[in-house]
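Trainee: Please take one part of this model and go through it closely, as you would for someone who works at the bench. I would like to know what covers it and what its backbone does.

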Amino acid sequence: MHSIWIIAAALAVSAFPLRAQEAKEDAYRPRTPSPGEMVPIKPGQYTTGDAGGLAAERPVRRVTLGYFQIRKTEVTYADYAGCLADGACTEPREYIDRRNPDLPVAGVSWFQARDFCLWWGGRLPSEAEWEAAARGPSGNRFPWGNEFEWTHGNFADGEPFAFGRTDRHDEVAPAGSFPRGATETGLMDMAGNVAEWVGDWFDPVYYGRSPSQNPKGPPAGQQKVIKGGSYRTVAADNRPSPYRAAARASLPPEMARPDVGFRCVFDGKDPMELTDPEKP
């Protein structure tokens, strides 16, 4: 049976046998993303960071990225259920509402997000890939443009626990609920709703010494980067918006919060080459 899976994967046009970390060592799943599921990001140079942002977002840098595809929406409970059924994922630690399969899956650690992306056929995006995708070809400050718009996403409405006053969602919203907040390339919910794990370890001074070619973050660290802000992220007075594409935050990789989810990328390569294999 093991050899049959390997032969099937070799015949796939743009997929590879991928090991799911929580499954058996010999469990492989060839996969190619379905049409409409992904948004292609062209190879080239992209700006990351914000000269007017926080210290960890400086200096602004130009990075060169290869071609990749990124999921149009955040991974949902419906998506995650397939990984659970295959035994390659473990149960989220917190559920907002398990009855709605269209909600982004949340309450998952970085390790759980990593395992899903490997099972699915890809990996978590690097921080640079995520930011480039969120800013779009024009390098926008926010996914939709350069000015913040309260109606373009599921945000905390400017006050602690004032959730839902503007966007009508007290907590998380179904994936893709705010088409006006989409990027130029059609990505949804890159600001607000749930914040998103990316692959990189967090280093507050990394931008000053990172490589310019496909940066993947420092080799080790204590916390992983999260991007995009969430429905619970409150903007502090006199500080840059946490919903900017350049905004950086971090959490310990074993932590699971009800406002943190993820999305995956696919580049046709073996994702294990760019994924931390170790468990906590």
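Mentor: A residue counts as buried under 20% relative accessible area, as exposed over 50%, and as partly exposed in between (1.4 Å probe, protein chains only). By that rule Asn193 is buried, because its relative accessibility is 0%, and we shall return to it after the helices. The model is predicted, so local features need pLDDT of at least 70 and side-chain atom pairs pLDDT 80 or more, while totals for chains, interfaces and linings use all residues. Residues are numbered from 1 along each chain as its sequence is written, and side-chain values use heavy atoms, without hydrogens or water.

For orientation, the protein has four helices and nine strands, which are DSSP runs numbered from the N terminus (H or I, at least four residues, for helices; E, at least two, for strands). Their order from the N terminus is α-β-β-β-β-α-α-α-β-β-β-β-β. Of the 280 residues in the protein, 51% are buried. Where residues at least 6 apart in sequence are in contact (heavy atoms within 4.5 Å), 73% of those contacts join residues at least 24 apart.

The part I would look at closely is helix α3, residues 110-120, which is largely enclosed by the rest of the structure because 11 of its 11 residues are buried. Among them are the aromatic side chains of Trp110, Phe111, Phe116, Trp119 and Trp120, but Arg114 and Asp115 are buried there as well. The cover over these residues includes β1, β4, β5 (195-201), β6 and β9, together with helix α2 (77-85). Just after α3, Gly121 has a positive phi of about 120°.

Three of the covering strands also belong to one open sheet, in which the order is β1-β4-β9 and the pairing is antiparallel; strands are taken to pair if DSSP finds at least two bridges between them. The edges of that sheet are β1 (38-41) and β9 (265-266), each of which pairs on one side only. Between β1 and β4 (residues 68-71) there are four bridges, and Ile41 has Phe68 in β4 as its bridge partner.

Helix α4 (residues 127-135) makes a useful companion to α3, since nine of its nine residues are buried too. Its buried residues include Trp130 and the charged residues Glu127, Glu129, Glu131 and Arg135, and just after the helix Gly136 takes a positive phi of about 75°. Thr48, which lies in strand β2 (residues 44-48), touches Ala128, Glu131 and Arg135, and also Pro59, Val60, Arg61 and Val63. Thr48 is itself buried, at 0% relative accessible area, and its side chain makes a polar contact of 2.8 Å with that of Arg61 (a pair of N or O atoms within 3.5 Å, one able to donate a hydrogen and the other to accept it, where residues adjacent in sequence count only if both atoms are side-chain atoms).

Some backbone details complete the picture. Most residues other than glycine have a negative phi, and most peptide bonds are trans. The bond from Arg58 to Pro59, however, is cis, with omega near 0°, and Pro59 sits in the loop between β2 and β3 (61-65). Asn193, in the loop between α4 and β5, has a positive phi of about 65° although it is not a glycine. Asn214, in the loop between β5 and β6, also has a positive phi, near 45°, but this residue counts as partly exposed, at 30% relative accessibility.

Definitions and conventions
Lists of a residue's contacts leave out its neighbours within four places in sequence.
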